[in-house]
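Let's take a stroll through a protein model, starting from a single residue and working outwards. Have the sequence and the 3D view open as you read.

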Amino acid sequence: SEGLVEKMFILKDEQKQKQYKSLINFMDEKLMGTLQQAIYLISERTGCTLNEQIHIGLTDHLIFAIKRIREGYNVDNPFLQETKAMYPEYFKIAEEVIDLINKEIDINLPIEEVGFVTLHIVSNLSMEVVSDVNKFSQIIKDLVIYIEDYLKIEIDKESIHYSRLVRHLRFLIDRIFHGNSSEESPALGIILKKEYPVCYDLAWKILKSIQTSLNKKANEAEVIYLTIHLERLVQSKLN
């Protein structure tokens, strides 16, 4: 396998080199070349120098995804819809990656795997760990259910309203997580509270829930943006 090791990307970190070498036993030359092509494609499409971790994390994930498909297992991805709505541009790149792998090694990795590859790309570019990205997806999934319940509406998961809501929640979580919350005038809050009491109340509940989940403090101004967003959602269901 020395020939294969020489074909390895130049991983500077010794620990990463060791981890990558341990994955080589699970790949033939064709698969190894294909997965390297896939990572090169991500780098090209995002225009970013990828962090070395993706060589290990994504390669590891895909080797075992391929193995499971070959053994006839079904793939379950509970965050597929959320992931697609949160990261549409990375989802498109992940679709290309899965198409490439399916063509090159003649396999049929399903759409669920596009979701997983998307999370690896996001994690790599944002330098957050995949488990954090997953945690955010779970928070959003729970919040969407809570919003539907509270407003007694059903949001079409294929609609632009759903995409907007999920993206808004994602950026809200990002801002709270990284401690850079929005500024806004308190006067607007007073008006919104009067005009849209249901959505205003719901916005507060959502904000408190996110603060608890992340154990971080949020700026009260976030309630204003969220109220406006929720009210637009309600209006879209009425029209």
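V166 is buried, with a relative accessible area of 0%; here buried means under 20% relative accessible area, exposed means over 50%, and partly exposed is in between (1.4 Å probe, protein chains only). Before going on, note that this is a predicted model, where local features need pLDDT of at least 70, side-chain atom pairs count only at pLDDT 80 or more, and totals for chains, interfaces and linings use all residues. Residues are numbered from 1 along each chain as its sequence is written, and side-chain values use heavy atoms, with hydrogens and water left out.

**Around V166**

You'll find V166 in helix α9. (Helices are DSSP runs of H or I with at least four residues, strands are runs of E with at least two, and both are numbered from the N terminus.) Which residues does V166 touch, not counting residues up to four places away in sequence? They are E82, A85, M86, I140 and V144, where a contact means heavy atoms within 4.5 Å. As for Y200, it lies 34 residues from V166 in sequence and 18 Å from it in space, C-alpha to C-alpha.

**The overall picture**

Now zoom out. The protein chain has 12 helices and zero strands. Its C-alpha atoms fill a box of roughly 70 × 35 × 25 Å, taken along the principal axes. Of the 239 residues in the protein chain, 48% are buried. Take the contacts between residues at least 6 apart in sequence: 74% of them join residues at least 24 apart.

**Two nonpolar cores**

A nonpolar core is a set of buried Ala, Val, Leu, Ile, Met, Phe, Trp, Tyr and Cys residues joined through side-chain atoms within 4.5 Å. The largest one here has 39 residues, and I147, L169, I206, I210 and L230 touch the most other members. Helices α5, α7, α8, α9 (160-177), α11 (197-214) and α12 (221-238) each supply at least two residues of this core. Take L169 as an example: leaving out residues up to four places away in sequence, L169 touches I140, L143, V144, I147, I206 and L226. Another core lies apart from this one, with 35 residues, among them L11, L31, I101 and V117.

**A closer look at α7**

Helix α7 runs over residues 111-126, which is 16 residues. How far apart are its end C-alpha atoms? They are 23 Å apart, and that agrees with the 22 Å the helix should span at 1.5 Å a residue, because the expected span is 1.5 Å times one less than the number of residues. Many names turn up on the buried list for α7, including E113, V114, G115, V117 and H120. The buried residues of α7 pack against α3 (29-46), α4 (53-70), α5 (80-86), α6 (88-105) and α8. Just after α7, M127 takes a positive phi of about 60 degrees.

**Charged pairs**

How many salt bridges does the structure hold? There are seven, each one a side-chain nitrogen of Lys or Arg within 4 Å of a carboxyl oxygen of Asp or Glu. Here are some of them:

| Salt bridge | N to O distance |
|---|---|
| K30 and E104 | 2.9 Å |
| K157 and E148 | 3.0 Å |
| R175 and E222 | 2.8 Å |

The R175 and E222 pair links distant parts of the chain, with R175 in helix α9, E222 in helix α12, and their positions 47 residues apart. Here R175 counts as partly exposed at 22% relative accessibility, whereas E222 is buried at 0%. In the K157 and E148 pair, K157 is partly exposed at 28%, while E148 counts as buried at 16%. As for the other pair in the table, K30 is partly exposed at 45%, and so is E104, at 31%.

**Rings**

A pair of aromatic rings is described by the distance of the centres and the angle of the planes. Rings of Phe, Tyr and Trp (its six-membered ring) pair if their centres lie within 6.5 Å; planes under 30 degrees apart count as stacked, over 60 as edge-to-face and the rest as tilted. By this rule there are three aromatic pairs. One of them is Y146 with Y150, a tilted pair at 5.9 Å centre to centre and 45 degrees between the planes. Y146 and Y150 are separated by about one helical turn because they sit four residues apart in helix α8 (residues 130-151).

Finally, the charged end of K216 sits over the ring of F177, 5.3 Å from its centre. That label requires NZ of Lys or CZ of Arg to be within 6 Å of the ring centre and within 35 degrees of the ring normal.
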